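Got the viewer open? Keep the selection tool handy and follow along, one stop after another.

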Amino acid sequence: MMETLQEIQDFFHKGYVDYRPNLTVDCAIFGYHDGELQLLLVKNKIITAWCLPGGFVRKDESLDQAATRITAERAGIGNLFFKQFKAFGDPGRNEPRGAFDPEKLFELVHVRLEEDTWLTGETVSVGYYAITDIVNAKPTADFLSSECAWFSVDKLPPLGFDHDEIVREALFAIRMHMYHFPIGKNLLQQKFTLKEIKQFYEVMSGKTLNASNFPNKLISLGLIVKLDEKRNIGAHRSPTYYKFDEETYEQALKEGLVLA
């Protein structure tokens with residue numbers, strides 16, 4: 001993460017030495033908390049619209065490594081489940097459409113962008129999504145960011161560039177992938193009820209699931225196992241706790257499965 005004025009100036013003037021011009025990643029970092037799906041957004045001091053966390057890919061890292069680095073920098077947490085889902089390269093996609101403030105850039109870092117700088121060309125961005133528990137994540141705004149905050153996916157502010165499209169595609173991808181990869185282990189408590197895991201998958205998928213068929217599917221796959229413990233919430237209302245089976249879960253993440 002660039003934190004000093006000198007590092008920022010070096011990036012603008014000769015970032016092409018360390019970074020790949022015209023290639024970026026944008027990360028849609030989703031969080032789940034209290035039955036709500038949220039998205040992490042960044043407000044840039046120069047590009048005034050809210051945007052997805054993203055950045056240029058270094059020459060010494062792969063696309064996945066770049067996504068991991070940026071996710072860790074923005075969400076403040078590592079070891080997230082993330083996947084590449086689509087590349088975005090329509091002509092004019094990185095045009096700020098009037099949102100770029102050159103005077104603010106000069107005020108902050110004493111740099112003026114020339115028309116032929118390495119930063120002004122058309123870029124292709126590779127989209128990734130990541131999923132995290134909002135309680136444990138620590139959103140971090142970098143030197144050029146004024147804010148870094150969570151928003152409900154149902155109440156997103158207007159986004160800069162083509163990030164509205166990236167978010168739509170990320171949601172579509174995550175809702176397709178969740179039936180083949182178990183993604184709830186880091187988003188639910190260590191032990192949970194069948195009602196809670198059903199609610200989680202309903203929020204993530206945007207669909208109403210059968211109250212018994214879906215949890216039974218998870219049990220039959222060996223993905224979750226029953227505990228000898230119940231939640232005490234009153235007479236005749238003591239649902240049994242379950243947990244993810246670690247070995248089955250890790251294998252399913254690598255090889256996939258079918259939940260639908």
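One term before we start: contact here means heavy atoms within 4.5 Å. Keep in mind, too, that you are looking at a predicted model.

**Stop one: helix α1.** Select residues 5-14, which make up α1, and colour Ile8, Gln9, Phe11 and Phe12, since those are buried. Now turn the view to look down the helix axis: the buried residues of α1 fall within an arc of 155°, so they line one face of the helix. What lies over them? Show β1 (19-33), β4 (54-58) and α3 (102-109), which are among the elements covering the buried residues of α1.

**Stop two: a pocket.** Next, go to the second largest pocket, with a volume of about 220 Å³. To see its lining, select Tyr32, His33, Asp34, Gly35, Asp133, Val135, Leu187, Leu188, Gln189, Phe192, Glu196 and Gln199. Which elements give two or more residues to that lining? They are β1 and α5 (194-205). Colour the lining of this pocket by residue type and you get five nonpolar, four polar and three charged residues.

**Stop three: Glu202.** Stay with helix α5 and pick Glu202, which is found there. Is Glu202 buried or exposed? The cut-off for buried is under 20% relative accessible area, and Glu202 has 19% relative accessibility, so it counts as buried. Finally, display what Glu202 touches: setting aside neighbours within four places in sequence, Glu202 is in contact with Lys207, Thr208 and Leu209.

How values were computed
Residues are numbered from 1 along each chain as its sequence is written. This is a predicted model: local features need pLDDT of at least 70, side-chain atom pairs count only at pLDDT 80 or more; totals for chains, interfaces and linings use all residues. Side-chain values use heavy atoms; hydrogens and water are left out. Buried means under 20% relative accessible area, exposed over 50%, partly exposed in between (1.4 Å probe, protein chains only). Helices (H or I, at least four residues) and strands (E, at least two) are DSSP runs, numbered from the N terminus. The arc is that of the directions from the helix axis to the C-beta atoms. On a 1 Å grid over the protein atoms alone, a cavity is a set of points where a 1.4 Å probe fits but cannot get out, and a pocket is an open set with protein on both sides within 12 Å along at least five of seven lines; lining residues have an atom within 4 Å of a point. Grid points are joined across faces, edges and corners, and a volume is the space filled by probe spheres set on the points. Ala, Val, Leu, Ile, Met, Phe, Trp, Tyr, Cys and Pro count as nonpolar, Asp, Glu, Lys and Arg as charged, and the others, Gly among them, as polar.
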